[in-house]
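Colleague: I'm new to this one. Can you walk me through the basics?

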Amino acid sequence: MHVLPKLCFVFTGYFLEWNLPQCGRRYRFVCGSGCGCGCRCGCWYRGASMWLGSRTRCGSGLHYRQTPLTSFATNTGGSLSSYLPLGPSLTQFGRLGGGGSGTQHNSVFVVGVGGAPVTNTCSSSSRQCHSHASTQHLNNSNNRKASGVSVFDSVANKEVPLTVDNSTHPRLTWYTCGPTVYDSSHLGHARTYVCVDIMQRILRDYFGIAITHVMGMTDIDDKIIVKASQRPTTPTPTLTPTPTPTPTPTPTPTPTPASTSTHKSVPTSALGQVPFEEISRKYETEFWQDMHALGVEPPLATTRVSEHITDIVDFIAQIMKNGYAYSVPSGVYFDSKQFTSSPSFAFKMAPNLKDDHTYSSEDGKEAPADKKDPADFALWKNARQVSEPQWPSPWGSGRPGWHIECSAMSCSLLGNKLDVHAGGIDLKFPHHCNEIAQCEAHFNIPHWTNYFLHVGHLHIAGMKMSKSLKNFITIREYLESHTAKEFRLFCLLHRYNKPVDYTERFIEDKVSPTAKRFDEFLMNVAVVTRESNTNSNTLKSKWGHRERDLHTRLIETESSVRTFLSDNFNTKEVIEELLSLITYTNSYMALATQTPNANLVQQVASYISRMLQIFGYSVTETGTQSEVGVAGIMDALLAYRAGVRSALRGNKDKLPDARKQIFALSDELRDKVLPPLGIRLEDQGPDKSVWKLDTNSRKANS
């Protein structure tokens with residue numbers, strides 16, 4: 001017998017006594033599901049009534065939700081005033097990180113007063129007993145804690161606190177929808193992935209939250225097939241797909257480091273067309289090259305649709321088993337009416353579709369006649385022609401629908417609970433809306449992802465940049481006349497989730513001047529630092545009111561920056577704060593009656609440099625080993641130049657003497673000044689000299 005105050009741990013086959021200090025009553029609970037879990041539940045007092053049940057997590061890794069099941073008034077007579085069974089005591093959530101048996105639990109809930117149990121058995125399936133009123137974000141869950149950051153969640157349609165796992169080193173699981181690789185990526189794509197990169201860097205390098213990042217890559221799609229068909233090549237023999245057994249559905253796939261498929265596609269080359277892989281690999285390679293050029297860090301793992309066919313087929317099979325999909329001759333479709341008829345489920349992030357059922361995305365094509373409802377969307381498309389890329393499935397050879405891809409691929413690596421899902425705002429509906437529905441239908445849970453973050457549209461002349469509108473600028477075209485630093489700064493100067501107009505005027509009037517101010521400030525501080533190192537006797541060490549004011553301003557800026565970054569990654573205001581600090585520091589350096597305090601201005605510069613580096617914005621580094629070497633060389637050349645100028649000025653009427661001094665200075669530079677810096681000059685003729693890096697000469701002179 002386990003006795004714990006205020007907490008109840010439920011074990012299969014055991015009654016667990018729970019003593020309430022407030023009223024002295026004893027209550028017993030038992031789980032009849034046979035799961036062997038250790039599930040924690042809580043209680044709340046509301047006047048004379050007590051509510052039992054809470055959102056919970058089992059010690060075995062299974063997630064449960066226990067809705068308020070019973071309300072009763074405590075009284076001195078020890079009798080049960082009222083007993084209102086509202087469903088099973090425990091509802092399965094599925095295993096964190098994958099796994100899970102997929103068993104639907106029929107639980108027994110026992111409430112007793114003074115040792116007299118009252119039992120209720122619920123035989124309904126667990127999906128029918130979910131609490132639709134449950135909160136989206138598990139902020140009060142005992143296994144999560146506040147991060148201090150708020151984010152704009154598209155499901156809640158408002159800013160909400162970002163919570164992380166309750167560990168010493170918190171970590172978020174993060175899935176980002178990658179591109180459909182059928183053409184070159186444009187600036188709209190660039191904004192999405194640069195903004196995601198900035199957010200992840202802030203969370204990791206500023207707030208100390210690790211991220212497990214997976215990106216999905218759509219490498220098989222109608223657009224890719226069309227592009228392949230438009231590029232004829234020499235016909236090759238048709239290959240037979242490798243047969244695979246009928247998949248055994250598992251509602252929660254086990255996570256693995258990588259996922260590959262044994263399915264082989266039927267190449268389109270049978271009709272003299274380029275295989276779809278040639279198109280997708282070409283543009284995927286180009287995409288990663290573009291991301292590298294933009295300074296976007298690669299994800300931990302990339303999932304290609306063509307390599308996850310088995311996972312997708314299994315995922316669809318489980319949705320069908322749960323009753324939310326059906327098979328017809330044209331393929332397998334998600335049953336929208338069956339899904340929304342459940343009190344536990346609803347399409348999230350969907351507009352009002354009472355008069356316009358548009359969950360389905362058929363790219364303007366006529367919908368198959370065998371669909372039950374126009375709102376139903378394809379999970380699996382049976383092949384219409386032999387030439388189409390296709391894989392075997394229990395429902396016929398074909399390929400996945402668009403929406404199911406990300407659901408299956410993300411869950412194959414990250415399990416049945418996802419912290420953050422990100423992507424462009426154009427994917428919000430119907431893609432992400434349907435993606436959520438598929439995962440909830442697959443796992444029989446009312447809540448799959450904690451946060452959906454969407455990057456706003458990038459507009460040109462007031463219109464969304466897109467390939468379909470043919471008003472796009474490719475990333476490569478942009479980088480021919482601009483730098484990656486400029487574009488990242490462009491993104492930093494706007495809120496990531498707001499639409500933005502791209503104009504060259506903004507680049508010229510705001511981005512370029514801002515970049516110049518950062519660079520000039522850091523270089524000016526480097527000069528002050530070098531001068532203080534070479535003229536230590538002029539270094540101001542005693543602080544006056546101006547030094548104290550500058551230090552106070554630095555502290556205030558640090559506080560403001562944290563506040564803005566905590567507010568949904570408000571980098572726009574952070575940049576303005578850093579620029580204001582630069583203005584204040586420049587005034588201090590310009591108005592100082594003597595040499596500025598180099599240590600103080602270097603601290604300001606180090607903070608600004610660190611913040612820009614956190615954003616992924618490369619800065620002119622000061623004080624590094626490479627700069628020290630360059631500084632020595634530049635000081636030597638400046639001294640040489642000063643000597644030459646002085647010799648010429650002092651010998652206007654004595655040119656022969658001036659020539660001797662210039663040659664003497666040149667020999668001194670070659671023989672005495674540069675060797676200690678590791679540079680050797682060799683005169684190979686009257687008009688030709690070469691230089692070599694010579695570490696031995698540096699060591700010999702050190």
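**Overview**

Modeller: Of the 702 residues in the chain, 50% are buried (under 20% relative accessible area, 1.4 Å probe, protein chains only). This is a predicted model: local features need pLDDT of at least 70, side-chain atom pairs count only at pLDDT 80 or more, and totals for chains, interfaces and linings use all residues. Residues are numbered from 1 along each chain as its sequence is written, and side-chain values use heavy atoms, leaving out hydrogens and water.

Colleague: How many helices and strands does the chain have?

Modeller: There are 16 helices and 28 strands. Those are DSSP runs, numbered from the N terminus: helices are H or I with at least four residues, strands E with at least two.

Colleague: At what angle do α1 and α9 cross?

Modeller: Roughly 70°, and the axes come within 10 Å. The axes are lines fitted to C-alpha atoms over the stretch in contact, with angles from 0 to 180 degrees between N-to-C directions. α1 and α9 are therefore roughly perpendicular (65 to 115 degrees).

Colleague: Which residues of α1 and α9 make the contact?

Modeller: From α1, they include Leu187, Val194 and Ile198. Phe487 and Leu492 are among those from α9. Contact means heavy atoms within 4.5 Å.

Colleague: New topic. How many residues of strand β15 are buried?

Modeller: 8 of its 10 residues, so β15, residues 171-180, is mostly covered.

Colleague: Which strand do the 8 bridges join to β15?

Modeller: Strand β16, residues 210-218, and the two run parallel. Strands pair if DSSP finds at least two bridges between them. Leu172 stands opposite Ile211 in β16.

Methods
Angles under 35 degrees count as roughly parallel, over 145 as roughly antiparallel, 65 to 115 as roughly perpendicular and the rest as oblique.
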